[in-house]
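The following exercises concern the reading of helix packing and residue burial from atomic coordinates. Each task is followed by a solution in steps.

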Amino acid sequence: MAVSAMEVLSEAKRQFAQGDRIDVTLLDQVVEIMNRMSGKEQAEANQILMSLKEERDSWTKVDAILQYSQLNESKYFALQILETVIQHKWKSLPQVQREGIKSYIITKMFELSSDQSVMEQSQLLLHKLNLVLVQIVKQDWPKAWPTFITDIVDSSKNNETVCINNMNILSLLSEEVFDFGSQNLTQAKEQHLKQQFCGQFQEVFTLCVSILEKCPSNSMVQATLKTLQRFLTWIPVGYVFETNITELLSENFLSLEVYRVIALQCLTEISQIQVETNDPSYDEKLVKMFCSTMRHISQVLSLDLDLAAVYKDASDQDQKLISSLAQFLVAFIKEHVHLIEVTDEPLTEAKILMRESHDYAIQLLLKITLIEEMEVFKVCLDCWCWLTAELYRICPFIQPSTLYGMMSQVREHPRRQLYREYLSQLRSTMISRMAKPEEVLIVENDQGEVVREMVKDTDSIALYRNMRETLVYLTHLDNKDTEVKMTEKLASQVNGGEFSWKNLNRLCWAVGSISGTMVEEDEKRFLVLVIRDLLGLCEQKRGKDNKAVIASNIMYVVGQYPRFLRAHWKFLKTVINKLFEFMHETHEGVQDMACDTFIKISIKCKRHFVIVQPAENKPFVEEMLENLTGIICDLSHAQVHVFYEAVGHIISAQIDGNLQEDLIMKLMDIPNRTWNDIIAAASTNDSVLEEPEMVKSVLNILKTNVAACKSIGSSFVTQLGNIYSDLLSLYKILSEKVSRAVTTAGEEALKNPLVKTMRAVKREILILLSTFISKNGDAKLILDSIVPPLFDAVLFDYQKNVPQAREPKVLSLLSILVTQLGSLLCPQVPSILSAVFQCSIDMINKDMEAFPEHRTNFFELVLSLVQECFPVFMEMPPEDLGTVIDAVVWAFQHTMRNVAEIGLDILKELLARVSEQDDKIAQPFYKRYYIDLLKHVLAVACDSSQVHVAGLTYYAEVLCALFRAPEFSIKVPLNDANPSQPNIDYIYEHIGGNFQAHFDNMNQDQIRIIIKGFFSFNTEISSMRNHLRDFLIQIKEHNGEDTSDLYLEEREAEIQQAQQRKRDVPGILKPDEVEDEDMR
């Protein structure tokens, strides 16, 4: 089979290359191979089909493929070819061919949609035909096909299946114009199509209403409702609120199971319509619609049902119904709940109906909130978070629990009173379903080191934040009820009635989430009760697993209440000692939790550890440091680092410099002793640094220093001073060893575990110095004591090392130095650049992927240099500055998003700083580099695959800066051949010529208006962004002679208005450009 397949492909390749008629049978065989086989054959078949698709005249073979092919897949392939031609070359085809294609597509579409059985068999092909027709409509309607809407409405009246397909076409057109129009239509075209659709919508709407009133068949009504749902996102509100559509949907279709889901989806869209009118009839419509919907739903879903259990066992359709119902309730409540809240007397019949509907809706939403399905729960949570925030804002302050009771209820706001019982149920739900807070993971990084990593921005963290926010508002609304609910649940944990790890975890996460919502006295009483019960539970339960879970929950809860801990030293001390006990508990997760809680408490309560507390004879931190070995002896290295960072926070609170220095020395005593032993051994014989355990020990000591430095900050200078010269010596020695290994064994040496650890040590030294420098504001100390030996060791090493062994952290360390020292570092910039610039460029200019960390760090260094030491660049020899400019251009040409963005940031900063310089500096820069920069930026901006790497907004900002320069900053003539020519005219000509050469599909008017827009929108980033997007769409389209769709006159008028807006700003014009009265 494989041989014959390759023969078929070989024959197809030969025959398709001839480009005349196509052998459809052979094409079918190629498509079969593509879809049924794998490996080499599939790749070859794919290549043949892609080549055929890209052929200039491949679209002329589409009719033969559609007529003679036996495979739907081949027909689909043919329609893909046709769709591309219609999108980009339709207007350039002769009129007779366009009419022929259109007629053929319509005939073929009717052929497949006129019969139910044929339509079902050819669904995929028919859908593609519909898409192709929609592309034609976007090109021809209304100018070349003014009767399109009438044609589609009339043809819908004669045949049921044709009507169903027409509804699909209208739905697709609605999507293309209103949902995705901004992606593939110019602004003017998009606006005109929207206006046209709205203008002719009456015919379509009448057809839809007629079908919904007569209900000819299930499938026809379904298709109409689905199409109507698409329309409801954009149709003029009059069609919704000044017709009977809301009644039709809420009265006629909810009682029938087959329409219930789609009818609810339509009602959800109506609920979300933003009505900007005070017409009371609109509100009446909404209320009637809501009450009717609730009445019909109540006949299907009784409040006695256990919806959570029903949902679990329900069919897909029933689950979809409950999900759609949740979305409807949330949409209506968030937009219009004020219309159905009845808080005043007397109760009329209408008010009673509204109150019943509101009551049913809220209770139903509470029941849906209990469903385990996470997506349904998130929809409900969104509503509860909004509603509780609304109710809180009525009276936003914390009340002591003593005010809750009868007196409180008398004064309570009617809206709050209305929801009191519902919110009490909601509290129980939120507590029992509380999501997990941010967690810390222990992971292995690329260098094989075990590190702690905070998990951020996941769905579960977002869920926790929303639930926490809701529970905070719920507690503010009635903290007594929240407290009662939580203590009841805790009691059922203690007595064993509901004890499970999951229940206990969720309860404790909920308790932790409401920290700060009660007045201090209430919080104290509540927390003491919770901790007492949890400690009792820990004593009561047997088994290490149970104790570990309870212990971690105790730690979590106390860590969330720093205000209480600060106010109660004895309790705080007890908690800390308990944490130190847990640090010896080897059960999985307990030590991590103990360290995490310790650092949390250290940050929030640090001052209390460095002062002498009542009944104590010395600060607790001293006691801690005396017992340091005993506390940390069972912790892993990563946990010790967390501990050191925590103690560092405490030490940072000591304001007496001498005492603080003493504490630092005590803290660092253990690592310093080991460090001194290793350095002493290495100074005698540096081969000890080739022992894996020795190098790992050094790495661990450095990480301990980094952890302490991170939290102690600039006061760490004493400790760093003790080890600084040894650090740099160690850096040089290890660098030479790594370099030697790479020279001997090639790149493979870098995979050697020992070499990896040596590099990790080098990296950690750089991290330690980066941490210290970023925390230290003493520029003189850094400049005089840190920089000279650092540059001597690190820069020389970076420059001479083999590329694979160069540390990217060197570049980020230099960026931090530049940011911290600013212009003070200017004298050192030439030596920095000579050491790292060219050798880094040589590493990254071969492709766009190798050395990704070096790449990013290098361009970040250039950015910080431009920001902080800009004068140095202006003093460079022109050839050196040219190299820097080339590097910036190389950066924004990248396909790596972060590198491209940094490149554009550098360019924006460069242009901004140049525009601020004296003419003697700025004008030579513009003369030498401006036109080249403009060409390079436009080259990337014109490439739709490239421009989206950094995004249109980035390029719009840069284009604004580039096109502002000739208008406001550039005085030197840019055209050497004709110096008297104004620069703006020269740029027009220059860019115009380039565009004409590259985009032969665009005419001169288009190009003129595009360039004019670039100049006119140079102070309006959003307008420039939209203008650039229009340009990207136009360069793909071949319009031929007919440019009416581009609405060039309108566009030019808009550009003229932008130019006028700029001219109206006082002072924007130069004095010689202003027309004074004396000149008239």
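**Exercise 1. Two residues near the N terminus**

Asparagine 35 has its place in helix H2 (residues 24-36). The model is a predicted one. Glutamine 15, for its part, is found in helix H1 (residues 2-18).

Task: Classify asparagine 35 as buried, partly exposed or exposed, and determine which residues glutamine 15 is in contact with, leaving aside its neighbours within four places in sequence.

Solution.
- Step 1. The relative accessibility of asparagine 35 is 41%, so this residue counts as partly exposed. The class of partly exposed lies between the cut-offs of 20% and 50%.
- Step 2. Glutamine 15 has a relative accessibility of 16% and therefore counts as buried.
- Step 3. With neighbours within four places in sequence set aside, Ile22, Asp23 and Leu26 are in contact with glutamine 15.
- Step 4. For one of these partners, leucine 26, the separation from glutamine 15 is 11 residues in sequence and 9.2 Å in space, C-alpha to C-alpha.
- Step 5. Asparagine 35 and valine 958 are 923 residues apart in sequence, and their C-alpha atoms are 45 Å apart.

**Exercise 2. Helices H9 and H13**

Task: Describe how the axes of H9 and H13 are placed, at what angle they cross, and which residues meet.

Solution.
- Step 1. Helix H9 covers residues 148-156 and helix H13 residues 201-214; their axes come within 9 Å and cross at roughly 15 degrees.
- Step 2. This angle makes H9 roughly parallel to H13, because angles under 35 degrees are classed that way.
- Step 3. The crossing in which H9 passes H13 is left-handed.
- Step 4. From H9, Ile149, Thr150, Val153 and Ser156 take part; they meet Glu203, Val204 and Leu207 in H13.
- Step 5. By class, the residues of this contact of H9 with H13 are four nonpolar, two polar and one charged.

**Exercise 3. Helices H21 and H22**

Task: State whether H21 is parallel or oblique to H22, and give the classes of the residues in their contact.

Solution.
- Step 1. Helix H21 (residues 349-369) packs against helix H22 (residues 374-393) at an angle of about 135 degrees, the axes being 9 Å apart.
- Step 2. H21 is therefore oblique to H22.
- Step 3. The two helices, H21 and H22, have a left-handed crossing.
- Step 4. H21 contributes Ile362, Leu365, Leu366, Ile368 and Thr369 to the contact, and H22 contributes Val376, Phe377, Cys380, Cys383 and Trp384.
- Step 5. The contact of H21 with H22 has nine nonpolar residues, one polar and no charged ones.

**Exercise 4. The span and burial of H35**

Task: Compare the expected span of H35 with the distance between its end C-alpha atoms, and find how many of its residues are buried.

Solution.
- Step 1. Helix H35 (residues 637-652) has 16 residues, which at 1.5 Å a residue should span 22 Å.
- Step 2. The end C-alpha atoms of H35 are 22 Å apart, in agreement with the expected value.
- Step 3. Of the 16 residues of H35, 14 are buried, so the helix is largely enclosed by the rest of the structure.

**Exercise 5. The whole chain**

Task: Give the secondary structure of the protein chain and the percentage of its residues that count as buried.

Solution.
- Step 1. The protein chain comes to 54 helices and two strands.
- Step 2. Of its 1080 residues, 52% count as buried.
- Step 3. Along its principal axes, the C-alpha trace of the protein chain spans about 95 × 90 × 90 Å.

Note on methods:
Residues are numbered from 1 along each chain as its sequence is written. This is a predicted model: local features need pLDDT of at least 70, side-chain atom pairs count only at pLDDT 80 or more; totals for chains, interfaces and linings use all residues. Side-chain values use heavy atoms; hydrogens and water are left out. Axes are lines fitted to C-alpha atoms, for helices over the stretch in contact, and angles run from 0 to 180 degrees between N-to-C directions. Helices (H or I, at least four residues) and strands (E, at least two) are DSSP runs, numbered from the N terminus. Angles under 35 degrees count as roughly parallel, over 145 as roughly antiparallel, 65 to 115 as roughly perpendicular and the rest as oblique. A crossing is left-handed if the near helix is turned anticlockwise from the far one by less than a right angle, and right-handed if clockwise. Contact means heavy atoms within 4.5 Å. Ala, Val, Leu, Ile, Met, Phe, Trp, Tyr, Cys and Pro count as nonpolar, Asp, Glu, Lys and Arg as charged, and the others, Gly among them, as polar. The expected span of a helix is 1.5 Å times one less than its number of residues. Buried means under 20% relative accessible area, exposed over 50%, partly exposed in between (1.4 Å probe, protein chains only).
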